[in-house]
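Subject: Model handover

Hello,

The model is handed over here, with notes on its pockets and one surface patch below.

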Amino acid sequence: MTEARAEARTERGESRFAEGFALFAECLLTGVWIAVASLPLVTYPAAFAAGARHLGRRLAHERGGLREFTADFRVAVRRGWLVGLAGWAALAAVWVDVQAVRSGLPGGPFVGAVGVTALIGAAVAGLRAAAAWRPGASWRSLLAQAGRRTVLDPAGSFLIVGGLAVVVCSAWFSAPLAVAVLGAVAAAAVAVEERYRRR
């Protein structure tokens, strides 16, 4: 597949640098699309799934744009909003754990650390599931398989955690920058899933 991409690049006359810069720009644009599609708050899994599909098409040199992103989002959000709701519930549970740590309850630091670690693992599994999403796929089975891959492929999981850390740091530095970086996180999840598939 790498040779096919190189041949396609050569036929179009693009240099490796030009293709890489175009992909970077596409990631930034996709981040904006993901952020806008995530505004209802429970639609973020569907937004990431549509963004990952868009970037996958871009990497395969297939036609795709906002229209295809929107179509994928509409299909993914049918059950994806339940996943988003579950994610917010998990975040609320971890917030309660952190409050227990701050109040000085016995065993609080351990419970807080477990809660935060579980939340990070759930976020990674959710991103991996979104990157593997295809129309007609069941979110439940995608999440179960992504949970296994999260544990079995720690290197890939740490790459996604690094991407999430970049988003958090970008948001701390400048909120508009974090919006664009969301596309880079989707691209990282796509790359990690492709790497795992080829092993």
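The notes take the two pockets first and then the patch.

This is a predicted model: local features need pLDDT of at least 70 and side-chain atom pairs count only at pLDDT 80 or more, while totals for chains, interfaces and linings use all residues. Residues are numbered from 1 along each chain as its sequence is written, and side-chain values use heavy atoms, with hydrogens and water left out.

The largest pocket (an open set of points on a 1 Å grid over the protein atoms alone, where a 1.4 Å probe fits, with protein on both sides within 12 Å along at least five of seven lines) has a volume of about 1100 Å³. It is lined by 32 residues (an atom within 4 Å of a point), and Tyr44, Phe48, Trp88, Ala123 and Leu164 are the closest to its centre. Helix H5 gives the most to this lining, eight residues. By class, the lining of the largest pocket holds 29 nonpolar, three polar and no charged residues.

The second largest pocket holds about 620 Å³ of space. Of its 24 lining residues, Gly56, Arg134, Val190, Glu194 and Arg197 are the closest to its centre. Here H8 gives the most, with eight residues. The classes in this second lining are 13 nonpolar, one polar and ten charged.

On the surface, Phe17, Phe21 and Phe24 form a nonpolar patch with about 400 Å² of accessible area together. Patch members have over 30% relative accessible area and no salt bridge, with nonpolar side chains joined within 5 Å. Phe24 lies in helix H2 (residues 16-37). Phe24 counts as partly exposed (20% to 50% relative accessible area, 1.4 Å probe, protein chains only) because its relative accessibility is 47%.

Regards

Conventions: Patch = residues over 30% accessible without salt bridge, like charges linked within 9 Å, V, L, I, M, F, W, Y side chains within 5 Å. Areas by Shrake-Rupley, 256 points an atom, 1.4 Å probe, with all protein chains shown as cover. Salt bridge = Lys/Arg side-chain N within 4 Å of Asp/Glu carboxyl O. Helix = DSSP H or I, 4+ residues; strand = E, 2+ residues; numbered from the N terminus. Points joined across faces, edges and corners; volume = space filled by probe spheres on them. Nonpolar A, V, L, I, M, F, W, Y, C, P; charged D, E, K, R; others polar.
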